[in-house]
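Thanks for coming. I will put the structure up and then go through the charged pairs, a few buried residues and the DNA contacts.

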Amino acid sequence: MDLSDLNEIQAAAVKCIDAPVLIYAGAGSGKTRVLAHKIAFLVEEAGLEPSSILSVTFTNKAAGEMKSRVAALLPRLKGAKKSKMPSPVVGTFHSICARLLRHDIHHLGYQRDFVIYDKDDQVRLIKSVLEQHELDTQLYPPQYFQTRFSNAKNALEGGEELRSRAKGKDGDILATVFDSYQKALRRNNALDFDDLLLLPLELFSKHTDVRDRYREKFKYIMVDEYQDTNKAQFEFVKHLAVESCAITVVGDDDQSIYGWRGADIRNILDFHKTFKGAEIFKLEQNYRSSDVILKAAYEVVSRNQQRTEKKLWTAKEGGELIRIIVAEDERKEAEIVFQRIQHEVLVKKRRFGDLVVLYRTNAQSRAIEDVLRRRAIAYTIVGGPKFYERKEIKDVMAYLKLLVNPSDSVSLDRIINFPPRAIGDTSMNRLRAFSRDKDISLFSALDNGVEAGVQPKQAQAMQEFKGLIERYRELMGAAVSGPDAKGKSNSKKRESNGHLGVVELVTTLLEETRLRAYYRNQGTSESVDRTENIKSLIDSIEYFMEDDPEADLSHFLEETALLTDVDRWNDSTNSVTLMTLHSAKGLEFPVVIMTGMEEGLFPLMRTDDTDMDEEEERRLFYVGITRAEEQVYLTCAKNRRRWGGPPMQSALSRFLRELPEELVEWSTDSEAEALPSTVSAAARKHRSARTIQAQELAARAVLDDYVVGAFVEHKLFGKGQITGREGVGDRLKLSVQFNGETKKLVAKYAGLTRL
DNA sequence: TGAGAGTTTTTTTTT
DNA sequence: AAAACTCTCA
């Protein structure tokens, strides 16, 4: 097989298939290329079936990339009909485990149509457990339990460890609540994120026949971003590969940034202990960044004590200096971000899609977003207020989840009285007590309202609701038997007629429940957004179904639960990307603008408890810088307000001082504004840049001054005032009020002059 | 029971 | 500053 695309070390790592392989792959060292080649190599040279190779990636997006790169390398994969030729199994730990459990979870006494609880669902469930134990949720915040439980599970610990780690009564409470929480999950036929990783382990150790089946199936295992695996993930890999030793893992301890999520750096450092005779390769040639960027990044990260020594190098020389810009406050900082975008696009002739703005916390995006919106810069936010976490979306999803799995009491709780059906807390509490007493699911208890001591009117409403859900379950083609029957009913028999397509089903359901109408009739500007969001949820269900006509509702639910924000990010739209440093891992951009470079914010310091992990913060900084190919900007604000309070003075981030002086260039926002009036060479350069900008502005109206309220002049209509705007770039339309008459004009062609 | 006013908390990063 | 939660009154 042709490995001429690879350098010597890369090729050696690909060809080494007789021993476990650990590849230290620095940022931008071409590890995806290596992994893709190795899969192709295993197929071509070792004769493995593609479907017998399991490749674990960090995001689903990376999985998609991996698949298409492998396909490009394997002509027979590419040419063949997709359905004919099985492709390698590529996905994240979570999605691979979910798929596995859909197959085999019945061995553990769960039903296959389990739903996945996100953090919000978990907290709700914990809250109801706390109430059941009559614990004050003020004194015992559900959030806290959620974190503790998740950490415990990630470390493969349970109630006992929780008990012994905490002192005294707290330990008992933790253990008790944990126990009830687990039981509640099981009753609801639900798994939380951590269970997705844990249950396969339980399955493998209790049912070795199942484990052996998977060992047989997966003849070779590859794991990317190995430095970010936690204990459960490590055990999963170990189960499958410890005997065969047919495994390659790729990682970079300098890019380990998920310690807080249970990622265990020892997994990479102790790899050779678990997998005997491991071969280690270090990829140190970087194909992404300029020499300046690499040197700066190394200077910073090499201060860390806990790391294996490696130093990236590049064949490129020199590069643009790193620019640090100090702003007065976060508003000015956002202005600077805008100016730099403007500069890069107009002067350096870059596309908007070449730029990324990074920050430590999601909350920082707002100030930047405000300015970019005002300035009509097309931007895309990755993460932040997440679509699938919006209230209205969760409401609709709760209906869908309940259709798939009526045992899901968290979803039931959420929607039983939404839109209002006159079933309040009192009634529900009675019903809950009743269902616990009789040990039946909350859903089936809906029939027994009167028996549970609920008022007749409410009891009837409950029955009606149950009838509604059941009717739609039938329309959907689900087994009619209900939740308490054992889950041998297979989902795949909806060829039979009388069943609605998923989209029709959802639309009708939303009409009948009047949920959409509820939001539509609120009449607030917010409710307009919410209605829109519901619409786009339906659209995305439609797309999903078009993509995979075989899929059903539970597939859709699974996908939405496991997709990350980066997965949903469409990098082909030509717009500036805004995201957190964590989300940026694995990505690259010509220009990186890192904001909020202040002590306390980055490195981030929590005001209350535990002190920060300085080394991890530094690695995060390293990850940020090494995303850049050519240019890095670092900005900070001297004063910043955090959550509404008065502006607080902040000191420059220590990381700024750790950069070698000769590689950086400092300026402040006031200097930046003053530049054109001075006479230095740099300033002249800058001024000519401004001139170009002005011309470009008029011609392209991409970066414009057409703010609402501005006064403009039109050749024909004369003087007017801008009253509204829609669209961006060439499609920017302005509403302009001229002398009593309002006109809508396409900015590009209107030839307006700002007054 | 339901709506609206008033109060408190939140923010670290994410599967 | 916004969302989530609690309280009060009809």
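I count a salt bridge when a side-chain nitrogen of Lys or Arg lies within 4 Å of a carboxyl oxygen of Asp or Glu. By this rule the count comes to 55 salt bridges. Please keep in mind that this is a predicted model.

Some background on the chain. Chain A has 755 residues, of which 54% count as buried. Its secondary structure comes to 32 helices and 21 strands. Taking contacts in chain A between residues at least 6 apart in sequence, 74% join residues at least 24 apart.

Back to the salt bridges, with three examples. K31 pairs with E225, and the closest N and O atoms are 3.0 Å apart. This pair links distant parts of the chain, 194 residues apart: K31 sits in helix α2, residues 31–44, and E225 in the loop between β6 and α12. Are the two partners buried or exposed? K31 is buried, at 19% relative accessible area, and E225 is buried, at 7%.

The second example is local. E202 and K206 form a salt bridge with closest N and O atoms 2.8 Å apart. Both lie in helix α10, residues 193–206, 4 residues apart, or about one turn of the helix. E202 is partly exposed at 26%, while K206 is exposed at 56%.

The third is R303 with E658, at 4.0 Å between the closest N and O atoms. R303 lies in the loop between α15 and β9 and E658 in helix α29, so the pair ties together parts that are 355 residues apart in sequence. R303 is partly exposed, with a relative accessible area of 41%, and E658 is buried, with 10%.

There is also a network of salt bridges, which links D118, D120, D121, R124, K391, K394, D395, K401 and R414. One of its members, K401, lies in helix α18, residues 391–404. K401 is buried, with a relative accessible area of 12%. Leaving out residues up to four places away in sequence, K401 touches V115, I116, Y117, D121, D408, S411 and L557.

Now a charged residue without a partner. Side chains of opposite charge can pair when their charged atoms come close. What is the nearest side chain of opposite charge to E629, and how far away is it? It is R288, 5.7 Å away, and E629 is buried yet has no salt bridge. E629 is in strand β14, residues 628–640. Beyond four places in sequence, E629 touches R288, S289, S290, I293, E588, F589 and P590.

Next, helix α12, residues 231–241, where 9 of the 11 residues are buried. Among them are F234, E235, F236 and H239. At the start of α12, a side-chain oxygen of N230 comes within 3.1 Å of the backbone nitrogen of A232.

Last, the DNA. There are 24 residues around DNA strand B, and R360, A422, T426, T564 and R606 come nearest. Of the strand B atoms that come within 4 Å of the protein, sugar and phosphate account for 54%. The surface residues near strand B divide into 8 nonpolar, 12 polar and 4 charged.

Three polar contacts to go with that. A polar side-chain atom of H94 lies 2.9 Å from a sugar or linking oxygen of strand B. The side chain of W260 has an N or O atom 3.2 Å from a base oxygen of the strand. For R360, the distance from a side-chain N or O atom to a base oxygen of strand B is 2.2 Å.

Definitions and conventions: Residues numbered from 1 in each chain as written. Chains lettered and ligands numbered in written order. Predicted model: local features only at pLDDT ≥ 70, side-chain atom pairs only at ≥ 80, totals over all residues. Heavy atoms only, no water. Near = heavy atom within 4 Å. Polar contact = N/O pair within 3.5 Å; in protein donor to acceptor, adjacent residues only side chain to side chain. Nonpolar A, V, L, I, M, F, W, Y, C, P; charged D, E, K, R; others polar. Helix = DSSP H or I, 4+ residues; strand = E, 2+ residues; numbered from the N terminus. Buried < 20%, exposed > 50% of the residue type's maximum accessible area, 1.4 Å probe, protein only. Lys, Arg positive; Asp, Glu negative; His and termini not counted. Contact = heavy atoms within 4.5 Å.
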